[in-house]
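Please open the model in your viewer and keep the selection panel at hand. The stops below move from the whole chain to single residues, and each says what to select and what is there.

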Amino acid sequence: MSYINIDEIFDTTSFTIDKEAHIVIDSKFCLACDHRGCECACPARCYTWSEDDQKMDFVYDGCLECGTCYVVCDQNAFTRWRYPRGGFGVSFRMT
Ligand code: SF4
Ligand code: SF4
């Protein structure tokens, strides 16, 4: 069995980006969050905590739709969490 390095996964993925975000966070929850687990758990590095701005920056463009952030966030910080609409989001290639 062979494994793929998460940093290599973007070589075999492509994205059709919807103008409407499929995940939206309310970053006021992130300000009080004591672990910010999404930042280290998201394999696509969609979450970045800014110390300067004291806010969580989130970009949905490279989301791999793994669902990890939905599980990791115990603050219910999402004002929207769903998979992208049909025809949008990530496409995985096997080669
Ligand atoms: S785990 Fe949830 S509340 Fe905590 S920083 Fe991430 S999105 Fe915000
Ligand atoms: S679903 Fe996965 S890839 Fe997308 S933002 Fe959440 S943790 Fe990151």
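Of the contacts in the protein with a separation of 6 or more, 71% are made by residues 24 or more positions apart, where two residues count as being in contact if their C-beta atoms, placed from the backbone, lie within 7 Å. This is a predicted model, in which local features need pLDDT of at least 70 and side-chain atom pairs count only at pLDDT 80 or more, while totals for chains, interfaces and linings use all residues. Residues are numbered from 1 along each chain as its sequence is written, and chains are lettered from A and ligands numbered from 1 in the order in which they are written.

**The whole chain**

With the C-alpha trace displayed along the principal axes, the atoms fill a box of roughly 40 × 30 × 25 Å. Switch to a cartoon and three helices and six strands should appear, arranged along the sequence as β-β-α-α-β-β-α-β-β; helices (H or I, at least four residues) and strands (E, at least two) are DSSP runs, numbered from the N terminus. Of the 95 residues, 13% count as buried, a label that requires 20 or more other C-beta atoms within 10 Å of the residue's own, with exposed meaning 12 or fewer and partly exposed the range in between, all C-beta atoms being placed from the backbone.

**The nonpolar core**

Which residues make up the largest nonpolar core? Select Ile25, Cys30, Cys38, Tyr47, Met56, Phe58, Cys69, Cys73 and Ala77, nine residues in all; a nonpolar core is a set of buried Ala, Val, Leu, Ile, Met, Phe, Trp, Tyr and Cys residues joined through C-beta atoms within 7 Å. In soluble globular proteins, nonpolar side chains tend to be buried together. From this set, centre on cysteine 38, which touches Tyr47, Cys69, Val72 and Cys73 when residues up to four places away in sequence are not counted.

**Ligand 1**

Next select ligand 1 with its shell, which consists of Ile25, Phe29, Cys30, Cys33, Arg36, Gly37, Cys38, Met56, Val72, Cys73, Gln75 and Ala77, a residue belonging to the shell if its C-beta atom, placed from the backbone, lies within 6 Å of the ligand. Helix H1 (28–32) and helix H2 (37–41) each supply at least two of these residues. Coloured by class, the shell shows nine nonpolar, two polar and one charged residues, given that Ala, Val, Leu, Ile, Met, Phe, Trp, Tyr, Cys and Pro count as nonpolar, Asp, Glu, Lys and Arg as charged, and the others, Gly among them, as polar.

**Ligand 2**

Move to ligand 2, around which are Ile23, Cys42, Pro43, Ala44, Cys46, Cys63, Leu64, Glu65, Cys66, Gly67, Thr68 and Cys69. By class, this shell has nine nonpolar, two polar and one charged residues.

Within the shell, pick out cysteine 46, in the loop between H2 and E3, which is partly exposed because 19 other C-beta atoms lie within 10 Å. Leaving aside its neighbours within four places in sequence, cysteine 46 is in contact with Phe58, Val59, Tyr60, Gly62 and Cys63. A distance label from cysteine 46 to aspartate 57, eleven residues apart along the chain, should read 8.0 Å between C-alpha atoms.

Then select leucine 64, in the loop between E4 and helix H3 (68–72); it counts as partly exposed because it has 18 C-beta neighbours inside 10 Å. Leucine 64 touches Pro43, Ala44 and Val90, residues up to four places away in sequence not being counted. Glutamate 65 is found in the loop between E4 and H3, and it has a positive phi of about 60° although it is not a glycine.

**The hairpin**

Now select strand E3 (residues 47–50) and strand E4 (residues 55–58), which pair in the antiparallel sense over four bridges, pairing being assigned if DSSP finds at least two bridges between two strands. Tryptophan 49 stands opposite methionine 56 in E4. Four residues lie between the two strands of this hairpin, and glutamine 54 in the turn has a positive phi of about 50°.

**Two last loops**

Where is asparagine 76 found? Look in the loop between H3 and strand E5 (78–81); asparagine 76 is exposed because 9 other C-beta atoms lie within 10 Å. Finish at phenylalanine 88, in the loop between E5 and strand E6 (89–92), which, neighbours within four places in sequence aside, is in contact with Thr16, Ile17 and Asp18.
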